[in-house]
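The following exercises concern strand pairing, a crossover and charged side chains. Each task is followed by a solution in steps.

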Amino acid sequence: MEVEVELAPDQVVRPDVVGWRRERTPERPSGSPVRIRPDWVCEVLSPDNARNDTVKKMRVYQRCQLPHYWIVDPREETMTVYRWTPEGYLVALRAERGERVRAEPFDAIELQVGVLFGDEREDE
């Protein structure tokens, strides 16, 4: 189920995956659209929406100061992690299948990038 999020009075988006930090939003946001700005959004590229996610939505998220934006590209088997700055999004991390990373805002845990593309999780 896609969640609609209102980032501004005239700007509603439907991210593929969206999250809020518990310390800022202890209760799970509700309503449609959700009116609490997320702390993290992830878009999964497909041939039909790549330009929308990498250009149009990125501009919207930048303008609305969304702190963390991930783009996962199944075709290239990569993930790109962006951090919001007043000057624009900064690439905080680029990783590919086979790597283990600590990706903002979840840098407290190690993520196996391949799991995003269907790999089995390795035992710790």
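S3 and S4 pair in the antiparallel sense, over 3 bridges. The model is a predicted one, in which local features need pLDDT of at least 70 and side-chain atom pairs count only at pLDDT 80 or more, while totals for chains, interfaces and linings use all residues. Residues are numbered from 1 along each chain as its sequence is written, and side-chain values use heavy atoms, with hydrogens and water left out.

**Exercise 1. Trace the sheet around S4 and state the handedness of the crossover from S4 through H1 to S5.**

Step 1. Fix the terms. Helices (H or I, at least four residues) and strands (E, at least two) are DSSP runs numbered from the N terminus, and two strands pair if DSSP finds at least two bridges between them.

Step 2. Follow the pairs across S4. Val 18 stands opposite Val 41 in S4, and Val 41 stands opposite Tyr 69 in S5. The chain crosses from S4 through H1 to S5 in a right-handed β-α-β crossover; that is, with the strands pointing away from the viewer, the path from the first strand over the helix to the second runs clockwise.

Step 3. Characterise the S4–S5 pair. Strand S4 (residues 40-44) and strand S5 (residues 68-73) run parallel and are joined by 5 bridges. Val 44 stands opposite Val 72 in S5.

Step 4. Place these strands in the sheet. The open sheet has 5 strands in the order S3-S4-S5-S6-S7, with mixed pairing. Strand S3 (17-19) and strand S7 (90-96) are its edges, each pairing on one side only.

**Exercise 2. Describe where helix H1 lies and the surroundings of Asp 53, which is found in this helix.**

Step 1. Orient the helix. Helix H1 (residues 50-63) lies across S4, S5 and strand S6 (78-83), at about 170 degrees to S5. Axes are lines fitted to C-alpha atoms, for helices over the stretch in contact, and angles run from 0 to 180 degrees between N-to-C directions.

Step 2. Assess burial (buried: under 20% relative accessible area; exposed: over 50%; partly exposed: in between; 1.4 Å probe, protein chains only). Asp 53 is buried, with a relative accessible area of 1%. In S4, 4 of the 5 residues are buried.

Step 3. List the partners. With neighbours within four places in sequence left aside, the contacts (heavy atoms within 4.5 Å) of Asp 53 include Glu 43, Val 44 and Tyr 69. Asp 53 is also linked with Glu 43 and Lys 57 in a network of salt bridges.

**Exercise 3. Which parts of the chain does the salt bridge between Glu 4 and Arg 14 tie together, and which does the one between Glu 6 and Arg 35?**

Step 1. Apply the rule: a side-chain nitrogen of Lys or Arg within 4 Å of a carboxyl oxygen of Asp or Glu. The count comes to 11 salt bridges.

Step 2. Take Glu 4 and Arg 14, whose closest N and O atoms are 2.9 Å apart. Glu 4 lies in the segment before strand S1 (5-8) and Arg 14 in the loop between strand S2 (11-13) and S3, so the pair ties together parts that are 10 residues apart in sequence. Glu 4 is partly exposed at 25% relative accessibility, and Arg 14 is partly exposed at 45%.

Step 3. Take Glu 6 and Arg 35, which meet at 3.2 Å, N to O. Glu 6 lies in strand S1 and Arg 35 in the loop between S3 and S4, so this pair ties together parts that are 29 residues apart in sequence. Arg 35 is exposed, with a relative accessible area of 56%.
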